[in-house]
Every structure is written in structure tokens, then in C-alpha cells.
Amino acid sequence: MNLTQVDPAASTRRCCRMQIVEGLVSEWSLVRERRRIGQPGQVRIDWFGDQGDAKAARFDIQMQKAKRGYASSE
């Protein structure tokens, strides 16, 4: 899932990519990459016990980003 925030008046061009990935031993991770569009970014990996928890965390982050003006680009 890709989220973007573009505001030409504020010179803002940001992107956030979130992906749920299965680990080796029944673990799930939420991989997030934050960056400015066209620039390298920062990656954060959070581990969860099951896929449902990872999806819930992704949804919570998506809602927080939507309140800040991010929109889905998929």
C-alpha cells in the first residue's frame, strides 16, 4: 500500500509504503518506508505474532496518515 502527500503550496512531496510480510517462524512483520518522493527513505520493521495484528497496525497507521493529508495512490 502506497500513501502520498503532495502540497505544492507547502512544497511537500512525501510517500509512505507499507507492506505485510510473513517471517520464517509464523511471525508477521509490517515493513514501512517513509521518504520524500524522489529521495531515499527510512525503513522500519515491526514484528507481530499473527497476520491480524499486523493488518490492524497497518490500518491504524493508514488512518493517522489520512488525518495528516495522505491519500492512497494504489
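Ser29 is buried, at just 3% relative accessible area (buried is under 20% relative accessible area, exposed over 50% and partly exposed in between, with a 1.4 Å probe and protein chains only). Before going further, a word on ground rules: this is a predicted model, where local features need pLDDT of at least 70 and side-chain atom pairs count only at pLDDT 80 or more, while totals for chains, interfaces and linings use all residues. Residues are numbered from 1 along each chain as its sequence is written, and side-chain values use heavy atoms, with hydrogens and water left out.

Back to Ser29, which belongs to strand β3 (helices, H or I of at least four residues, and strands, E of at least two, are DSSP runs numbered from the N terminus). Setting aside residues up to four places away in sequence, Ser29 touches Gln19, Ile20 and Val21, and also Ile45, Asp46 and Trp47 (contact means heavy atoms within 4.5 Å).

Now zoom out to the sheet. It's an open one of five strands, ordered β4-β3-β2-β1-β5, with antiparallel pairing (two strands pair if DSSP finds at least two bridges between them). The edges are β4 and β5 (71-72), each pairing on one side only. Strand β1 (residues 2-7) runs antiparallel to β2, with six bridges joining them; Leu3 has Cys16 as its bridge partner in β2, and Thr4 has Cys15. Between β2 and β3 there are nine bridges, again antiparallel, and Cys16 turns up here too, with Arg34 as its bridge partner in β3.

Both of these pairs are hairpins. The one made by β1 and β2 has four residues between the strands, and Ser11 there takes a positive phi near 55 degrees. The β2 and β3 hairpin has five residues between its strands, with Ser26 in the turn at a positive phi of about 55 degrees. Ser26, in the loop between β2 and β3, counts as exposed because its relative accessibility is 57%. Try tracing from Ser26 to Gly41: they're 15 residues apart in sequence, and their C-alpha atoms are 28 Å apart in space.

Next, have a look at Asp46, over in strand β4 (residues 42-48). What makes this acidic residue count as buried? Its relative accessible area is 18%, so Asp46 counts as buried. Its side chain makes a polar contact of 3.2 Å with that of Arg32, and another of 3.1 Å with the side chain of Arg44 (a polar contact is a pair of N or O atoms within 3.5 Å; within protein, one must be able to donate a hydrogen and the other to accept it, and residues adjacent in sequence count only if both atoms are side-chain atoms). Ignoring neighbours within four places in sequence, Asp46 is in contact with Trp28, Ser29, Leu30 and Arg32.

Then there's the packing. The largest nonpolar core has ten residues: Leu3, Cys16, Met18, Ile20, Trp28, Leu30, Ala54, Ala57, Ile61 and Tyr70 (such a core is a set of buried Ala, Val, Leu, Ile, Met, Phe, Trp, Tyr and Cys residues joined through side-chain atoms within 4.5 Å). β2 (12-22), β3 (28-36) and α1 (51-67) each supply at least two residues of this core. Beyond four places in sequence, the contacts of Met18 include Leu3, Leu30 and Ile61, along with Arg58 and Gln62.

Finally, Tyr70 has a charged companion: the charged end of Lys65 sits over its ring, 4.9 Å from the centre (this takes NZ of Lys or CZ of Arg within 6 Å of the ring centre and within 35 degrees of the ring normal).
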